Amino acid sequence: MRLLRFDRGGTTLFAEQRDGDGPPLVMVPGVMSDARAWRAVVDALALPNPVIVLNRRGRLPSGPLGAGYSVRTEIDDLHHVLDAIGEDVELFGWSYGGLIALEAATERSSLRSVVAYEPVSRPFAVNAIEPLRIALGMGDLDRAVEIVKRTAAGYSAEYVAALREDPVWPVLRPLTHPLADELAALNAHHPAWNRYHDIKVPVTLLLGAFNEDKPPYGTAFNVLARALPQARVLRLPGQGHLAHTEAPGLLAKHLTDVVTARP
């Protein structure tokens with residue numbers, strides 16, 4: 001993996017690239033995630049294509065969210081990166097990143113396909129925003145992770161207690177820094193629902209089978225799926241929202257199948 005740098009409006013954005021041949025696969029992570037969290041998926045992709053995983057603003061080594069941050073900021077960041085790449089790409093987004101990818105897809109034609117794994121939209125985790133601001137204002141990153149997992153994602157107290165003992169916990173702590181502002185931006189954003197059905201390239205929606213019709217991710221997924229009647233829906237058996245960490249090989253297989261199905 002090598003590091004790519006993109007400069008936009010005084011903010012520096014970075015991405016990790018696995019080199020290869022053919023149209024690039026560009027991956028947009030969601031909140032509480034960065035390029036490093038997707039390395040296992042990238043390693044498992046049985047594709048010759050280059051793979052580029054963004055480190056969205058707010059996570060190192062990219063710059064901060066910045067003043068006036070919004071979902072529009074993220075969409076324009078993605079457009080800037082795609083313009084710099086300069087060729088048609090396969091575009092993938094997870095969770096908040098899925099929303100960003102779909103919104104960008106309504107505004108550009110230089111894509112080959114779009115895949116979104118459990119994209120989310122407003123209203124989402126509204127009741128977590130103020131507790132997160134309080135915890136982050138106190139510098140209590142452990143409490144912030146707990147709020148994310150319990151209040152926003154709906155995991156049990158037992159799950160969070162076990163997670164505290166996992167080596168991933170110290171990785172998650174710094175990823176909470178931008179989260180209150182990201183959730184506020186998500187809930188202030190009005191998706192371009194009337195343009196979703198006009199996306200001309202193939203669209204695939206991935207759903208963790210455990211989340212089907214269940215809040216928060218399954219119900220959020222249903223909203224996006226209704227706006228995309230042309231999309232193919234694929235279910236990840238035995239998975240919820242975190243297949244990139246819990247079953248990276250399975251997620252990589254689905255992505256490989258989608259990309260290789262393209263002419």
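This report walks through the aromatic ring pairs of a predicted model.

## Overview of the ring pairs

Counting pairs of Phe, Tyr and Trp rings whose centres lie within 6.5 Å, we arrive at 5 aromatic pairs. Two of them are described below, followed by a cluster of rings.

## Phe124 and Tyr217

Let's start with Phe124 and Tyr217. Their ring centres are 5.7 Å apart, and the planes meet at 40°, so this pair is tilted. A tilted pair is one whose angle falls neither under 30 degrees, which would be stacked, nor over 60, which would be edge-to-face.

Where do the two residues sit? Phe124 belongs to the loop between strand E6 (111-117) and helix H4 (126-137), while Tyr217 is in helix H10 (residues 217-227), so the contact ties together parts that are 93 residues apart in sequence. Both partners have low accessibility by the cut-off for buried residues, under 20% relative accessible area: Phe124 is buried at 8%, and Tyr217 is buried at 10%.

## Trp193 and Tyr196

The next pair is a local one in sequence: Trp193 and Tyr196 are 3 residues apart in helix H9 (residues 193-196), a separation of about one helical turn. Their ring centres lie 5.3 Å apart with the planes at 55°, so this pair is tilted.

Is each partner buried or exposed? Trp193 is partly exposed, with a relative accessible area of 31%, whereas Tyr196 is buried, with a value of 0%.

## A cluster of three

Finally, have a look at Trp38, Phe92 and Trp94 in your viewer: ring pairs link these residues into a cluster.

Terms used. Residues are numbered from 1 along each chain as its sequence is written. This is a predicted model: local features need pLDDT of at least 70, side-chain atom pairs count only at pLDDT 80 or more; totals for chains, interfaces and linings use all residues. Side-chain values use heavy atoms; hydrogens and water are left out. Rings of Phe, Tyr and Trp (its six-membered ring) pair if their centres lie within 6.5 Å; planes under 30 degrees apart count as stacked, over 60 as edge-to-face and the rest as tilted. Helices (H or I, at least four residues) and strands (E, at least two) are DSSP runs, numbered from the N terminus. Buried means under 20% relative accessible area, exposed over 50%, partly exposed in between (1.4 Å probe, protein chains only).
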